[in-house]
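Me: I've got a model open and a few things I'd like to talk through. Can you take a look with me?

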Amino acid sequence: MSVQKTAIVTGASRGIGHAVAQRFRTLGWRVITVSRQPLPDQCPWAAESNTHIQLDLSDLNEIVKTVDTLRPLIAGSQLHALINNAGTSPKGPNGERMNSLTTDLDEWQAMYNTNFYAPLVLTRGFAQELSNAKGAVVNLCSIAGHRVHPFAGAAYATSKAALSALTREMAADMAPMGVRVNAVSPGEIKTAILSPGTSAIVDNVIPMHRLGQVEEVADLIEFLCSEKSSYITGAEMAIDGGQSV
Ligand SMILES: NC(=O)c1ccc[n+]([C@@H]2O[C@H](COP(=O)([O-])OP(=O)(O)OC[C@H]3O[C@@H](n4cnc5c(N)ncnc54)[C@H](OP(=O)(O)O)[C@@H]3O)[C@@H](O)[C@H]2O)c1
């Protein structure tokens with residue numbers, strides 16, 4: 001009988017993370033999730049004990065606590081996939097873009113904690129467990145990390161650019177341990193993170209003229225955590241309907 005694989009997915013209470021957690025569950029994996037809120041009741045794993053942890057990854061102390069809390073839950077000290085998905089993209093009080101001149105410093109720090117330091121601390125924290133399983137890490141970056149976006153703010157964009165660079169660095173550092181580290185950069189995927197003006201982007205900028213679906217992102221992440229991508233590491237894959245062409 002084959003060993004049940006384990007994945008950690010941050011930010012799985014909704015959106016892309018929820019679809020990814022659902023996907024790994026369907027594949028028979030044990031999935032451990034982290035977010036500030038509880039899982040929706042209809043989640044198949046919501047009722048199971050010790051599979052969902054409520055912590056706030058915008059707080060450095062809670063990020064460190066996340067590693068300590070999750071480590072005993074990883075069966076056999078083997079972690080097959082770590083999906084650093086939790087992320088926020090705050091807007092101003094009237095929904096406006098937060099630029100580099102006006103964003104409060106506390107906001108920059110919270111954004112970097114969630115979008116950059118959490119992936120760093122979690123990946124380092126579970127390096128041995130990932131190595132034991134010859135596992136894979138996937139970081140959720142963004143096309144906003146590469147060019148100015150009309151809605152994603154400056155702190156968000158730069159934190160995602162830093163996460164892209166971190167993906168390269170960690171891919172190099174962890175390859176000798178048998179761990180692959182890749183990034184996925186969504187364009188406009190249909191989740192709560194989107195802004196009201198997104199339909200103009202769909203009409204005018206995205207060659208495929210539609211939003212992406214969370215299941216399409218889950219397909220790519222499943223691939224990057226599978227043997228089918230065994231020679232891919234340090235890559236950042238856009239999933240954006242051609243938006244970045
Ligand atoms: N959707 C897109 O078009 C798009 C585009 C580019 C990049 N991305 C990236 O893809 C990832 C997922 O985005 P999404 O669209 O699925 O967003 P979403 O629907 O807003 O979900 C975000 C998830 O992250 C969790 N989260 C946020 N802040 C957290 C914190 N401080 N501590 C713990 N968990 C936190 C949320 O849970 P709680 O609220 O319960 O904490 C939620 O589960 C993000 O990294 C995002 O930047 C998305």
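Me: Which class, nonpolar, polar or charged, has the most residues in the shell around the ligand?
Reply: Keep in mind that this is a predicted model. The shell around the ligand has 4 charged and 10 nonpolar residues, next to 14 that are polar. Glycine counts among the polar ones, and Gly11, Gly15 and Gly87 are among the closest residues to the ligand. So the class asked for, with 14 residues, is polar.

Me: Which element gives the largest share of that shell around the ligand?
Reply: In total, 28 residues surround the ligand. The largest share is 3 residues, and they come from the element spanning residues 15-26, helix 1.

Me: Are helix 3 and helix 5 roughly parallel or roughly antiparallel?
Reply: Helix 3 (residues 105-125) and helix 5 (residues 154-174) pack with their axes 9 Å apart, at an angle of about 15°. Angles under 35 degrees count as roughly parallel. That angle therefore makes helix 3 and helix 5 roughly parallel.

Me: And is the crossing of helix 3 and helix 5 left-handed or right-handed?
Reply: Residues that meet there include Trp108 and Phe116 in helix 3, and Tyr156 and Leu163 in helix 5. By class, this contact has 12 nonpolar, 3 polar and 2 charged residues. As for its hand, the crossing of helix 3 and helix 5 is right-handed.

Me: Is Thr66 buried or exposed?
Reply: Thr66 sits in helix 2, and its contacts beyond four places in sequence are Val34, Ile53, Leu55, Leu57 and Leu122. Within 10 Å, Thr66 has 22 other C-beta atoms. The cut-off is 20 or more, so Thr66 is buried.

Key:
Residues numbered from 1 in each chain as written. Predicted model: local features only at pLDDT ≥ 70, side-chain atom pairs only at ≥ 80, totals over all residues. Near = placed C-beta within 6 Å. Helix = DSSP H or I, 4+ residues; strand = E, 2+ residues; numbered from the N terminus. Axes fitted to C-alpha atoms, helices over the stretch in contact; angles between N-to-C directions. Parallel < 35°, antiparallel > 145°, perpendicular 65-115°, else oblique. Left-handed = near helix turned anticlockwise from the far one by under 90°. Contact = placed C-beta atoms within 7 Å. Buried ≥ 20, exposed ≤ 12 C-beta atoms within 10 Å, placed from the backbone.
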